[in-house]
Amino acid sequence: MGNHNGMSEWNDIAVIAPTGDIDLASVPALREQVDGLMATGVRRILINCQNVGFIDSTGLAFLLTRARSLLARDGLLSLVGASPQIMRFLQIARLLDILHVTSSEKPELPVLAPGAPPKWSKSFAVRPGVEHLGAYRRRVSDLLEGLSLSRDDRFDVALAVGEALSNAYDHACGARGCTVTVQAYADRVVIEVRDCGCGYEISADEEPPESRERGRGIRLMRMLVDSVEVCRRVDAPGTQVRLIKLLK
């Protein structure tokens, strides 16, 4: 089955969205797109599998070779939003330990005991123009290094935080900046990004609008972590984005 691949780039990340199966017919176009991104220096490529129903052996061989090429360049190729059928196929092929894959089905979050304190909590201010977003992503990834998360999972969480910060830059704080709080619990890490804009809210089951940058960022965050809450702050004007990633 042939397909047409949609692609967006945010910061230094590329997201490709195939609209059909990844197979013998579609791999040549996908290969050209991925290789073109790599040639321009892109080191993190996410393939959104929301509309992918099947991956054949040609598709798997392509994904494995490009994943290894990116890994050799200290990069990462991820499949996100994979259906249960694709997850099962990759499990049978024993490729889940080689390819970084995120399922479209999110786990149910256990309820935290009321008042349960985190093991540790770190906060820092983010000032637009002082450091590049990549520096803040690295800071978050470094904070997560001692937790039960793989390198790729830390990368995902840091990328989701970067998207939350990007939204804050574009839609809210301007030069006033925002704050990031990272809290580690026994079974999860919780990260809150608070800005000081006019406030924005979207329910967990609501699809963000396609035409807005904020909407694209929210969709990407939902692909990368186990829970995303976007609501108006109650302590001050602005928006709070709460990201949760369960530990292994």
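**Figure 1. E192, a buried acid in strand β8.** With a relative accessible area of 11%, E192 is buried, because anything under 20% falls in that class. This is a predicted model, so keep that in mind while zooming in. E192 sits in strand β8, which covers residues 188-194. Its side chain has two arginine partners to look at here. One is R194, whose side chain is joined to that of E192 by a polar contact of 2.3 Å. The other is R242, with a side chain to side chain polar contact of 3.0 Å. Skip the residues up to four places away in sequence, and E192 still touches T179, V180 and T181, plus Q240, V241 and R242.

**Figure 2. The open sheet around β8.** Five strands make up this open sheet, in the order β6-β7-β8-β10-β9, with antiparallel pairing. The edges belong to β6 (120-126) and β9 (227-232): each has a single partner strand, so one side of each is left without a neighbour in the sheet. From one strand to the next, the twist averages 15 degrees.

**Figure 3. β7 against β8, with α4 lying across.** Strand β7 (residues 178-184) pairs with β8 in the antiparallel sense, and six bridges hold the register. For a handy landmark, find Q183, which stands opposite V190 in β8. Now bring in helix α4 (residues 133-143), which lies across β6, β7 and β8. Relative to β6, helix α4 runs at about 175 degrees.

**Figure 4. Strand β2 and its parallel partner β3.** Strand β2 spans residues 13-17, and four of its five residues are buried, so the rest of the structure largely encloses it. It pairs with strand β3 (residues 44-48) in the parallel sense, over four bridges. To line the two up, start from A14: its bridge partner in β3 is I45.

**Figure 5. R66 on helix α2.** R66 has its place in helix α2, which takes in residues 57-72. It's an arginine that counts as buried, at 15% relative accessibility, because the cut-off is under 20%. The side chain of R66 makes a polar contact of 2.7 Å with the side chain of D35. Leaving aside neighbours within four places in sequence, the residues in contact with R66 are R31, V34, D35, M38 and L77. L77 is 11 residues away from R66 in sequence, and the C-alpha to C-alpha distance between them is 7.3 Å.

**Figure 6. Two cysteines, C49 and C196.** C49 counts as buried, at 1% relative accessibility. C196 comes in at 23% and counts as partly exposed, because that class lies between the 20% and 50% limits. If you're hunting for disulfides, the count for this model comes to zero.

**Figure 7. Zooming back out to the protein chain.** The chain has six helices and 10 strands. Of its 248 residues, 52% are buried. Take the contacts with a separation of 6 or more, and 64% of them are accounted for by residues 24 or more positions apart. As for the surface, the chain exposes about 11900 Å², and carbon and sulfur atoms supply 51% of that.

Key
Residues are numbered from 1 along each chain as its sequence is written. This is a predicted model: local features need pLDDT of at least 70, side-chain atom pairs count only at pLDDT 80 or more; totals for chains, interfaces and linings use all residues. Side-chain values use heavy atoms; hydrogens and water are left out. Buried means under 20% relative accessible area, exposed over 50%, partly exposed in between (1.4 Å probe, protein chains only). A polar contact is a pair of N or O atoms within 3.5 Å; within protein, one must be able to donate a hydrogen and the other to accept it, and residues adjacent in sequence count only if both atoms are side-chain atoms. Contact means heavy atoms within 4.5 Å. Accessible areas come from the Shrake-Rupley method with a 1.4 Å probe; for residues, only the protein chains shown count as cover. A disulfide is a pair of cysteine sulfur atoms within 2.5 Å. Two strands pair if DSSP finds at least two bridges between them. Axes are lines fitted to C-alpha atoms, for helices over the stretch in contact, and angles run from 0 to 180 degrees between N-to-C directions.
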